[in-house]
Amino acid sequence: MCGREWDLLPEVFAPIYSPATGIALDLLGLAGTSAEKDSPRFSGAPGALRGSLLEIGSGTGVVAVAAALAGCTRVVAADINPAAVLNTSMNAARHGVSGRVRVLRSDLFDRLDPGERFDTVFWSSNYVLAPAEYQPRTMHERAYVDPGYAAHGRFLEEAPGLLAPGGTVLLHFSSRGDVPALRRIADRCGRRLDVVRRTVVREGEHEVEHMLLEVTPAADSARRPEVVR
(Lines give C-alpha, C1' and ligand atoms only; values in the text may rest on other atoms or scores of the structure.)
Protein backbone atom coordinates (compact mmCIF):
# COMPACT_ATOMS: atom_id res chain seq x y z
CA MET A 1 0.00 0.00 0.00
CA CYS A 2 1.17 3.54 -0.85
CA GLY A 3 4.13 1.98 -2.63
CA ARG A 4 5.48 0.61 0.67
CA GLU A 5 5.64 -2.67 2.55
CA TRP A 6 3.97 -3.08 5.94
CA ASP A 7 4.10 -5.46 8.88
CA LEU A 8 0.84 -7.33 9.54
CA LEU A 9 0.18 -9.29 12.73
CA PRO A 10 -2.35 -12.14 12.58
CA GLU A 11 -4.66 -10.72 15.28
CA VAL A 12 -5.14 -7.38 13.49
CA PHE A 13 -7.70 -6.17 10.92
CA ALA A 14 -6.05 -7.15 7.65
CA PRO A 15 -6.01 -4.76 4.66
CA ILE A 16 -5.21 -7.71 2.41
CA TYR A 17 -8.67 -9.21 3.10
CA SER A 18 -10.75 -6.03 3.19
CA PRO A 19 -10.64 -2.97 0.91
CA ALA A 20 -11.54 -0.62 3.79
CA THR A 21 -8.01 0.59 4.56
CA GLY A 22 -7.21 1.37 0.94
CA ILE A 23 -10.53 3.16 0.55
CA ALA A 24 -9.89 5.18 3.71
CA LEU A 25 -6.53 6.28 2.31
CA ASP A 26 -8.22 7.35 -0.90
CA LEU A 27 -11.04 9.20 0.86
CA LEU A 28 -8.51 11.10 2.96
CA GLY A 29 -6.37 11.98 -0.04
CA LEU A 30 -3.48 9.81 1.15
CA ALA A 31 -3.51 7.19 -1.59
CA GLY A 32 -1.00 9.21 -3.59
CA THR A 33 1.64 8.95 -0.87
CA SER A 34 4.50 6.81 -2.16
CA ALA A 35 8.04 5.85 -1.27
CA GLU A 36 9.31 8.34 -3.84
CA LYS A 37 7.07 11.30 -2.97
CA ASP A 38 5.89 11.80 0.58
CA SER A 39 3.07 14.23 -0.16
CA PRO A 40 -0.64 13.41 -0.65
CA ARG A 41 -2.92 14.28 -3.52
CA PHE A 42 -5.95 15.83 -1.89
CA SER A 43 -9.14 16.07 -3.91
CA GLY A 44 -11.80 17.82 -1.96
CA ALA A 45 -12.01 16.36 1.54
CA PRO A 46 -12.51 19.09 4.13
CA GLY A 47 -9.70 19.79 6.53
CA ALA A 48 -7.13 18.13 4.26
CA LEU A 49 -4.78 16.46 6.67
CA ARG A 50 -2.50 18.95 8.32
CA GLY A 51 -1.11 19.62 11.76
CA SER A 52 -2.34 17.02 14.22
CA LEU A 53 -4.38 13.87 13.64
CA LEU A 54 -6.14 11.50 16.01
CA GLU A 55 -6.96 8.19 14.37
CA ILE A 56 -9.34 5.88 16.20
CA GLY A 57 -8.98 2.21 15.37
CA SER A 58 -5.51 2.38 13.86
CA GLY A 59 -5.20 -1.36 13.15
CA THR A 60 -1.98 -1.94 11.22
CA GLY A 61 -1.19 1.77 11.37
CA VAL A 62 -1.23 2.30 7.61
CA VAL A 63 -3.38 5.45 7.76
CA ALA A 64 -1.54 6.94 10.74
CA VAL A 65 1.88 6.33 9.19
CA ALA A 66 0.77 7.58 5.76
CA ALA A 67 -0.53 10.76 7.40
CA ALA A 68 2.80 11.33 9.16
CA LEU A 69 4.67 10.72 5.91
CA ALA A 70 2.33 13.18 4.20
CA GLY A 71 3.27 15.95 6.61
CA CYS A 72 1.11 15.68 9.73
CA THR A 73 3.35 16.95 12.51
CA ARG A 74 1.64 15.00 15.32
CA VAL A 75 -0.34 11.78 15.00
CA VAL A 76 -1.99 9.89 17.83
CA ALA A 77 -3.07 6.38 16.82
CA ALA A 78 -5.47 4.65 19.21
CA ASP A 79 -6.83 1.12 19.16
CA ILE A 80 -8.57 -1.09 21.72
CA ASN A 81 -6.69 -4.16 20.44
CA PRO A 82 -3.22 -4.54 22.02
CA ALA A 83 -2.01 -6.41 18.92
CA ALA A 84 -3.03 -3.42 16.78
CA VAL A 85 -1.16 -1.06 19.10
CA LEU A 86 1.97 -3.17 18.62
CA ASN A 87 1.36 -3.43 14.86
CA THR A 88 1.00 0.35 14.48
CA SER A 89 4.19 0.90 16.48
CA MET A 90 6.05 -1.58 14.28
CA ASN A 91 4.98 0.19 11.09
CA ALA A 92 5.76 3.64 12.46
CA ALA A 93 9.28 2.39 13.23
CA ARG A 94 9.58 0.62 9.86
CA HIS A 95 8.85 3.89 8.02
CA GLY A 96 10.80 6.21 10.27
CA VAL A 97 7.98 8.23 11.82
CA SER A 98 8.00 6.98 15.41
CA GLY A 99 8.88 10.49 16.55
CA ARG A 100 5.61 11.85 15.12
CA VAL A 101 3.27 8.90 15.78
CA ARG A 102 2.24 8.17 19.37
CA VAL A 103 0.38 4.88 19.75
CA LEU A 104 -1.84 3.99 22.67
CA ARG A 105 -4.33 1.36 23.68
CA SER A 106 -7.63 3.11 24.19
CA ASP A 107 -11.35 2.42 24.00
CA LEU A 108 -12.13 5.38 21.75
CA PHE A 109 -10.95 8.45 23.70
CA ASP A 110 -10.49 6.98 27.20
CA ARG A 111 -6.69 7.13 27.35
CA LEU A 112 -6.05 10.49 25.72
CA ASP A 113 -4.23 13.14 27.70
CA PRO A 114 -6.66 15.62 29.30
CA GLY A 115 -7.01 18.73 27.20
CA GLU A 116 -5.40 17.18 24.12
CA ARG A 117 -6.83 18.65 20.92
CA PHE A 118 -6.46 17.81 17.23
CA ASP A 119 -6.88 19.39 13.81
CA THR A 120 -8.49 16.17 12.53
CA VAL A 121 -10.21 13.29 14.33
CA PHE A 122 -10.76 10.30 12.04
CA TRP A 123 -12.34 6.89 12.45
CA SER A 124 -12.80 4.21 9.80
CA SER A 125 -15.50 2.57 11.85
CA ASN A 126 -16.70 -0.95 12.58
CA TYR A 127 -19.92 -0.15 10.74
CA VAL A 128 -21.63 -3.56 10.86
CA LEU A 129 -24.58 -3.21 13.25
CA ALA A 130 -25.26 -6.06 15.67
CA PRO A 131 -27.98 -6.32 18.33
CA ALA A 132 -27.14 -4.32 21.44
CA GLU A 133 -26.82 -7.47 23.55
CA TYR A 134 -24.37 -9.16 21.18
CA GLN A 135 -20.91 -9.87 22.60
CA PRO A 136 -18.10 -9.97 19.99
CA ARG A 137 -16.10 -13.13 20.43
CA THR A 138 -12.69 -11.79 19.40
CA MET A 139 -10.85 -8.49 19.04
CA HIS A 140 -10.79 -9.11 15.30
CA GLU A 141 -14.59 -9.34 15.25
CA ARG A 142 -14.79 -6.04 17.12
CA ALA A 143 -13.01 -4.42 14.17
CA TYR A 144 -16.12 -5.14 12.06
CA VAL A 145 -19.08 -5.17 14.46
CA ASP A 146 -20.51 -2.52 16.82
CA PRO A 147 -23.36 -3.89 18.99
CA GLY A 148 -26.20 -1.38 19.15
CA TYR A 149 -23.90 1.21 17.56
CA ALA A 150 -22.79 2.08 21.09
CA ALA A 151 -19.28 3.03 19.93
CA HIS A 152 -20.71 5.15 17.12
CA GLY A 153 -22.88 7.01 19.61
CA ARG A 154 -19.88 7.74 21.80
CA PHE A 155 -17.83 8.87 18.83
CA LEU A 156 -20.50 11.25 17.54
CA GLU A 157 -21.06 12.66 21.02
CA GLU A 158 -17.44 13.09 22.11
CA ALA A 159 -15.27 13.60 19.03
CA PRO A 160 -16.18 17.26 18.31
CA GLY A 161 -15.00 18.18 21.81
CA LEU A 162 -11.48 17.04 20.91
CA LEU A 163 -10.98 19.51 18.07
CA ALA A 164 -8.60 22.43 17.94
CA PRO A 165 -10.12 25.64 16.52
CA GLY A 166 -11.07 25.06 12.89
CA GLY A 167 -10.67 21.29 13.24
CA THR A 168 -12.64 18.53 11.53
CA VAL A 169 -14.21 15.23 12.62
CA LEU A 170 -14.33 12.66 9.81
CA LEU A 171 -16.05 9.26 9.86
CA HIS A 172 -15.54 6.60 7.19
CA PHE A 173 -18.80 4.66 6.93
CA SER A 174 -20.28 2.20 4.43
CA SER A 175 -23.60 1.10 3.00
CA ARG A 176 -22.84 -2.26 4.63
CA GLY A 177 -23.73 -0.40 7.79
CA ASP A 178 -27.13 1.01 8.76
CA VAL A 179 -27.02 4.61 7.52
CA PRO A 180 -30.51 5.56 8.77
CA ALA A 181 -29.66 4.23 12.24
CA LEU A 182 -26.44 6.25 12.25
CA ARG A 183 -28.34 9.40 11.30
CA ARG A 184 -30.89 8.79 14.06
CA ILE A 185 -28.06 8.55 16.58
CA ALA A 186 -26.54 11.74 15.19
CA ASP A 187 -29.88 13.52 15.62
CA ARG A 188 -30.09 12.39 19.25
CA CYS A 189 -26.54 13.64 19.84
CA GLY A 190 -27.24 16.98 18.18
CA ARG A 191 -24.82 16.22 15.36
CA ARG A 192 -25.03 16.77 11.64
CA LEU A 193 -23.55 14.33 9.13
CA ASP A 194 -22.54 15.64 5.71
CA VAL A 195 -21.16 13.39 2.97
CA VAL A 196 -18.00 15.11 1.76
CA ARG A 197 -16.64 12.28 -0.39
CA ARG A 198 -18.06 9.00 -1.60
CA THR A 199 -17.06 6.13 -3.81
CA VAL A 200 -18.70 2.86 -4.89
CA VAL A 201 -16.62 -0.32 -5.01
CA ARG A 202 -17.45 -3.91 -5.81
CA GLU A 203 -16.97 -6.23 -2.85
CA GLY A 204 -17.64 -9.80 -3.93
CA GLU A 205 -21.05 -9.86 -5.59
CA HIS A 206 -22.16 -6.51 -4.19
CA GLU A 207 -21.56 -2.86 -4.97
CA VAL A 208 -20.82 -1.04 -1.72
CA GLU A 209 -20.87 2.71 -1.19
CA HIS A 210 -18.17 4.12 1.07
CA MET A 211 -18.67 7.60 2.51
CA LEU A 212 -16.47 10.11 4.26
CA LEU A 213 -18.81 11.92 6.64
CA GLU A 214 -18.04 15.19 8.36
CA VAL A 215 -19.49 15.40 11.87
CA THR A 216 -20.49 18.86 13.09
CA PRO A 217 -22.73 20.29 15.81
CA ALA A 218 -26.17 20.49 14.22
CA ALA A 219 -26.84 24.08 15.22
CA ASP A 220 -23.52 25.38 13.90
CA SER A 221 -23.20 23.41 10.67
CA ALA A 222 -23.52 24.88 7.21
CA ARG A 223 -23.96 22.30 4.46
CA ARG A 224 -20.89 21.74 2.36
CA PRO A 225 -21.19 20.71 -1.30
CA GLU A 226 -20.71 17.00 -1.81
CA VAL A 227 -17.67 15.85 -3.75
CA VAL A 228 -18.80 12.80 -5.73
CA ARG A 229 -16.20 10.44 -7.11
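**Entry 1: helix α3**

I began with helix α3, residues 82-94, and checked its length: at 1.5 Å a residue, its 13 residues should span 18 Å, and I find the end C-alpha atoms 18 Å apart, so the two agree. I note that the model is predicted.

I then listed the buried residues of α3: Ala-83, Ala-84, Val-85, Asn-87, Thr-88, Asn-91 and Ala-92. An α-helix has 3.6 residues a turn, so residues three or four places apart point the same way. I looked up what covers the buried residues of α3 and found that the cover includes α2, β2 and β3 (101-105).

**Entry 2: Thr-88**

Within helix α3 I selected Thr-88. Its relative accessible area is 0%, so I record Thr-88 as buried, the cut-off being under 20%. Leaving aside residues up to four places away in sequence, I find Thr-88 touching Ser-58, Gly-59, Thr-60, Gly-61, Ala-77 and Val-103.

**Entry 3: positive phi values**

Most residues other than glycine have a negative phi, and most peptide bonds are trans. I therefore noted Leu-108, which is not a glycine yet has a positive phi of about 55 degrees. I place Leu-108 in the loop between β3 and β4. With 7% relative accessibility, Leu-108 counts as buried.

I made a second note for Tyr-149, also not a glycine, whose phi is positive and near 55 degrees. Tyr-149 sits in the loop between β6 and α5. At 2% relative accessibility, I count Tyr-149 as buried.

**Entry 4: the largest pocket**

I next turned to the largest pocket, which holds about 900 Å³ of space. I count 50 residues in its lining, and those nearest the centre are Trp-123, Asn-126, Arg-142, Ala-143 and Tyr-144. Sorted by class, the lining has 26 nonpolar, 15 polar and nine charged residues.

I also asked which helices and strands each supply at least two residues of this lining. The helices are α1 (20-27), α2 (62-69), α4 (139-142) and α5 (150-158). The strands are β1 (52-56), β2 (74-79), β4 (118-124) and β6 (145-147). I note that α2 and β2, listed here for the lining, are also among the elements that cover the buried residues of α3.

**Entry 5: the whole protein**

Finally I recorded the overall values. The protein has six helices and 10 strands. Of its 229 residues, 53% are buried. Among contacts between residues at least 6 apart in sequence, I find that 69% join residues at least 24 apart. The protein exposes about 10300 Å², of which carbon and sulfur atoms supply 51%.

Terms used
Residues numbered from 1 in each chain as written. Predicted model: local features only at pLDDT ≥ 70, side-chain atom pairs only at ≥ 80, totals over all residues. Heavy atoms only, no water. 1 Å grid on protein atoms, 1.4 Å probe; cavity = no way out; pocket = protein on both sides within 12 Å on 5 of 7 lines; lining within 4 Å. Points joined across faces, edges and corners; volume = space filled by probe spheres on them. Helix = DSSP H or I, 4+ residues; strand = E, 2+ residues; numbered from the N terminus. Nonpolar A, V, L, I, M, F, W, Y, C, P; charged D, E, K, R; others polar. Buried < 20%, exposed > 50% of the residue type's maximum accessible area, 1.4 Å probe, protein only. Contact = heavy atoms within 4.5 Å. Areas by Shrake-Rupley, 256 points an atom, 1.4 Å probe, with all protein chains shown as cover. Expected span 1.5 Å × (residues − 1).
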